[in-house]
Amino acid sequence: MVNVLYFEYVIVKYTRVGRLLWVVFLNLDIGDCLGDYFSSDFRSKLLFLRKVAYGRLREDVFGSTERILNLSFDDFKKFYIYLGSFYFRGVRYKLTPRNFLRILEEFDVLQLRGAFERGELRTEGNFSWFNMQRQVGSLKRDWERVKRAISFLLFGNTETRIDEISVDGVVGRFFKVLEGDFRCEGFARGLVTPFLLICDAKDRFGVWNNVSDEALFRLGLKGRSTWGRSTSGYVETNMLLNQLRDKYGFEDLADVDLFCWYYVKRSSGKDPFQI
């Protein structure tokens, strides 16, 4: 295993000219990448909006078995699947992958915090993941079963929240949802693991999706996963995400998740916080 603290990732970019394939190598210093990430105002704003959004999802949308089983598919899309919108002093700002930085540039994090404390800011959406809507068709077709799977994941059979049980207990529920009796078409790691991040107040569970998997691969911590319905794969990935949080002093696993996206973009030669 490569020690992340001293790891330098080599970016490989391919450019096709006629029949020739040119390979350009760039070196990305992990320390510099972390410094740029931690110092970014966009990071602070995105993390704050994530926490506001997660709080609403955790308490209002998925706060009980009853709420989950009565949830309409349209509200599930609006609050969980879509990146989202926020309402600031009565004005609605809809975020997309292309415009979110431009919109957030208009605010500073103290403005957002103050507006939230005064009841002038509310959110709709997850404020975290761009591509969750890809499985909307499958989820809608089997929506009643998906709701039962979400309810079991978050509350089991006894209305017991995931942050009230052990890690092993949560992993047992996760196995049944991902691979066992509650398995649903289209409801795999990229849609299931965010529930654990959002709803576990103890900050024990990170997100395993294509982005975090790629980030861990590029950091030299693990190979790319070939199968997205693996409980053991999630246990390994979650251990590594927790180690990154502790080693580098990230605020929490939501911060690690945002960094994974940032790192994959940076290691592909792009500045994700550059408008």
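Two exercises with worked solutions follow, on a sheet and on aromatic pairs.

The model is predicted, local features need pLDDT of at least 70, side-chain atom pairs count only at pLDDT 80 or more, and totals for chains, interfaces and linings use all residues. Residues are numbered from 1 along each chain as its sequence is written, and side-chain values use heavy atoms, with hydrogens and water left out.

**Exercise 1.** Find which strands stand at the edges of the open sheet.

Solution.
1. Strands are DSSP runs (E, at least two residues), and helices are runs of H or I (at least four), numbered from the N terminus.
2. Two strands pair if DSSP finds at least two bridges between them.
3. The order of the three strands is E4-E3-E5, with antiparallel pairing.
4. E4 (91-94) and E5 (121-124) each have a single partner strand, so they stand at the edges.
5. Four bridges join E3 (residues 85-88) to E4; Phe 86 stands opposite Tyr 93 in E4.

**Exercise 2.** Classify the aromatic pair of Tyr 37 and Phe 259, and state whether each residue is buried or exposed.

Solution.
1. Rings of Phe, Tyr and Trp (its six-membered ring) pair if their centres lie within 6.5 Å; planes under 30 degrees apart are stacked, over 60 edge-to-face, and the rest tilted.
2. Tyr 37 and Phe 259 lie 5.2 Å centre to centre with 70 degrees between the planes, which is edge-to-face.
3. Tyr 37 belongs to helix H1 (residues 30-38) and Phe 259 to helix H13 (residues 253-266), 222 residues apart.
4. Buried means under 20% relative accessible area, exposed over 50%, partly exposed in between (1.4 Å probe, protein chains only).
5. Tyr 37 has 0% and is buried; Phe 259, at 3%, is buried.
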